[in-house]
Protein chains: 2
Amino acid sequence: MTLADIRREISPPRHGTATAVALLKQRFGERLVTGEDVRRAHGHTRTYIPNQLPDAVFFAETEEEVRDVVLVCHAHACPIIAFGIGSSLEGHVNAPFGGISLDLSRMDKILQLNPEDFDVTVEPGITREALNAQLRDTGLFFPIDPGANASLGGMAATRASGTSAVRYGTMRDNVIGVTAVMADGRIIRTARRAKKTSAGYDLTRLLVGSEGTLGIITKLNLKLYGIPDTILSGVCPFPSVRQACDAVIQTVQSGIPVARIELLDAEAIEASIAYSKIDLPRSPCLFVELHGSAASVAEQAEFFAAIAGENGGGPFAGSTRTEERAKLWKARHDFYWASLTLRPGAQAIATDVCVPVSSLSDCIAETQADIAEHGLIGPIVGHVGDGNFHVTLLLDQENEEEVERAEAFIARLSLRALRYDGTCTGEHGVGQGKRGYLQDELGEALGVMRQIKQVLDPNNILNPGKIFMPA
Amino acid sequence: MTLADIRREISPPRHGTATAVALLKQRFGERLVTGEDVRRAHGHTRTYIPNQLPDAVFFAETEEEVRDVVLVCHAHACPIIAFGIGSSLEGHVNAPFGGISLDLSRMDKILQLNPEDFDVTVEPGITREALNAQLRDTGLFFPIDPGANASLGGMAATRASGTSAVRYGTMRDNVIGVTAVMADGRIIRTARRAKKTSAGYDLTRLLVGSEGTLGIITKLNLKLYGIPDTILSGVCPFPSVRQACDAVIQTVQSGIPVARIELLDAEAIEASIAYSKIDLPRSPCLFVELHGSAASVAEQAEFFAAIAGENGGGPFAGSTRTEERAKLWKARHDFYWASLTLRPGAQAIATDVCVPVSSLSDCIAETQADIAEHGLIGPIVGHVGDGNFHVTLLLDQENEEEVERAEAFIARLSLRALRYDGTCTGEHGVGQGKRGYLQDELGEALGVMRQIKQVLDPNNILNPGKIFMPA
């Protein structure tokens, strides 16, 4: 899917969008916003893909309102794009066919907290930081951390994961059930609160990762975890990315339950030092976090340091102090902004792939050679315990030749991941940016996905133009 | 769904089954078995539901043969029922509309072991004991343990779990991807080997738990784990089931990563003593297993013993010796047979539900009162860390009044679990036995499941009469 392909989609038939907008305006008045600034903010995308504006933005406040909007859009074949806070990276919230952006950020409440059962039911607009702030006094937390302060609805819709997935899994593993409004206005609850069930098809997992194309999530029941007694975070330098990757493989194989284990290559470290004013060794590093009892964390740290040493790395310098840990992870989370220091004035475009862990260092080495050969700037960071890594390309988006070079690189990166039996998108989703690689990755399975989309949303009103290439 | 309802289904229109059988006979000769003994063995079911025989049994040896059989059945609208070893408990392998039982037990090989990536690709007919025996020298194991020596294909199809789910999750969490033959003969691979992916809809989780109604699994890529350095198993008595449940809740809340934590009520303990000749305290007990380093296991055992003591339980007597651990878990796994000692000559029928952990002791107490009130014999065992428990009813299946009383009990039990926001089936699946409760449990979501079934298997040839009530 090149930029040229995406541009061709911008002016398709618009079905009954004008009618739907008029009806919603009549019903909701000023709450249906049509001003260009708000529409632009809802079509934004942190990619080279152009901003594609919806016709109107509706700020929903209740599940009933979501259903009512869907019913109007259903009746008039008007596209409807669910919107959380807009931190997705592959053009998920763009409106290539216009329509209604359904902003869920006002539906941001905790509905039911069940501390004995370690679960909580929330509205989709609550952000992960707000959720954890409200949970703090309970001793519980929600661990999934994609970096951005994303909304939980958006995290579920894109099957987000991030730094803590190596220990706690992804959104796939941590959503017990959802309530969703389907394309025809039916409201379904996919599962009850039991920790496990074998009652029919796993609709929870079908909606998680469906990117708003099968239903609009209006409630989520999430797993919670006890805040660990002891948390230790630290940095361990390595002479090379390969040695760091080897240490990660051995760490996972040894059964050390690392909570986070993040790779930053030498270029990413330079950017973080410059931006975050943090004291780091000037070589590839692993950022590591360990959770458990004091004794268990001490034992894990000792095991990890030994493995790092065997692979030429170290020393492993860690701390259990809150402010030092916070500084380290803030630097990691701010990497997107830090990367901009590598080329002032450029835009940063993050892309990700995921491969079997045993292929990770080969895949990264080939990718670094590819970046150098094609004159790109692209520091690499990765959730290496999962085999997942990101390249952050620093581009002048006005330079068409450069954008084309970046597109060609992303295509090669995606196909390279497939060669290693990996995936073209580990955690950013498909959106518009990765559609072109799904046929290669999934073959006939993509046809099955299309059938499911077709039967559940026959008019293609839910986030059209995402996941699937136009037929 | 009462027995009477199920009996009414036995003689429906048979579509082109005779033609399909004749064509397959022509192609495969003696490998298509039509003798009654073999057919009876493939329709068997450990429930009060009558044995419903297929017209023929085919022992597939390759994925291509599976596809070829499906294509013939697809062309002639002949039912096709995937069969592993037949250890399912809700009538999954019955053939209410006749057709072909597709026995996959000869497809039992490990296809690709990737020790560095902690994954293995297997054929569906391999059993969990055979898999773990073949893995032993690698230091890796597959943890999911439903008790029976089930086939991995069957375990995936029913979303099995069992004693170790509290630590390692269910089949949902441990299948990375599957290859499946769909109803029209298409072969799809749902995911590559990357540990995580956000490339489109989660077809892996859609097929796991679909009970052979959406596709026939021909390969599974499974997660493996390192065999723990230290394993400690032990027994802890409690004065009451409620105190045992309270201890479980606190154990889980404290973050102790128990690998197994099983409840046996006093009646179940008596049965196990009688059958397994094992020395157990004569009161409700928790069977507990702890995994980790020696230091970590010692710490976990100390924490658990303290929590047990606070709840009136103890002493917690554990051992790390292989033969003692094996004896304990053999007794737990043999519980199905042990239960028969409570009423010689009776048949044992296991049913299960799952509720939020905080409701577990209330739900069990009500269930024990219900059993007593209705003159049934039904010891209770449970995977209590997950809120999942089993009632094993000991019935004289020739006694229709008694079978009706048991059915009425199962109905009350299922609806009781729903009142606690739980599920009518925690790990046994729906099959024929639990179909009648899905509407109450899932509401509109059941309609979405039907749409998916309809679009992927429009002729309803894959395991018809399971999960869904006849329309």
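1. Let's begin inside chain A of this predicted model. Domain 2 of chain A and domain 4 of chain A bury about 400 Å² between them, and carbon and sulfur atoms give 46% of that area. On the domain 2 side, S161(A), G162(A) and V166(A) supply 61% of the area buried against domain 4 of chain A, more than any other three residues.

2. To place these two parts on the chain, it helps to have the whole division at hand. Chain A splits into domain 1 (3–105 + 451–456), domain 2 (110–226), domain 3 (230–336) and domain 4 (341–427). Taken over C-alpha atoms, the centres of domain 2 of chain A and domain 4 of chain A lie 29 Å apart. Eight residues from domain 2 of chain A and four residues from domain 4 of chain A take part in the contact.

3. What holds for charges and polar groups here? Between domain 2 of chain A and domain 4 of chain A the count of salt bridges is zero, while two residue pairs are found in polar contact across that interface. The residues on the side of domain 2 of chain A that touches domain 4 of chain A comprise three nonpolar, four polar and one charged.

4. Now for the two chains together. Chain B and chain A bury about 6,800 Å² between them, with 53% of it on carbon and sulfur atoms. Each side is easy to state: 81 residues come from chain B and 81 residues from chain A. On the chain B side, look for R192(B), K196(B) and Y201(B), which supply 15% of the area buried against chain A, more than any other three residues.

5. R192(B) is worth a second look on your screen. Its side chain meets that of D421(A) in a salt bridge, at 3.7 Å from N to O. Between chain B and chain A the count is twelve salt bridges, and 44 residue pairs are in polar contact across this interface.

6. Finally, the nonpolar interior. Which residues have the most contacts inside the largest nonpolar core? They are M171(A) and M171(B), in a core of 184 residues. A second, separate core has 24 residues, including V66(A), V70(A), I100(A) and L102(A).

7. If you would like to explore around M171(A), leave aside its neighbours within four places in sequence; among the residues in contact with M171(A) are then F142(A), I144(A), L152(A), M155(A) and A156(A). R159(A), A160(A), V208(A) and L222(A) are also in contact with M171(A).

Technical notes: Residues numbered from 1 in each chain as written. Chains lettered and ligands numbered in written order. Predicted model: local features only at pLDDT ≥ 70, side-chain atom pairs only at ≥ 80, totals over all residues. Heavy atoms only, no water. Core = buried A, V, L, I, M, F, W, Y, C linked by side-chain atoms within 4.5 Å. Buried < 20%, exposed > 50% of the residue type's maximum accessible area, 1.4 Å probe, protein only. Contact = heavy atoms within 4.5 Å. Domains from an automatic or database assignment. Buried area = accessible area lost by both parts, 1.4 Å probe. Salt bridge = Lys/Arg side-chain N within 4 Å of Asp/Glu carboxyl O. Polar contact = N/O pair within 3.5 Å; in protein donor to acceptor, adjacent residues only side chain to side chain. Nonpolar A, V, L, I, M, F, W, Y, C, P; charged D, E, K, R; others polar.
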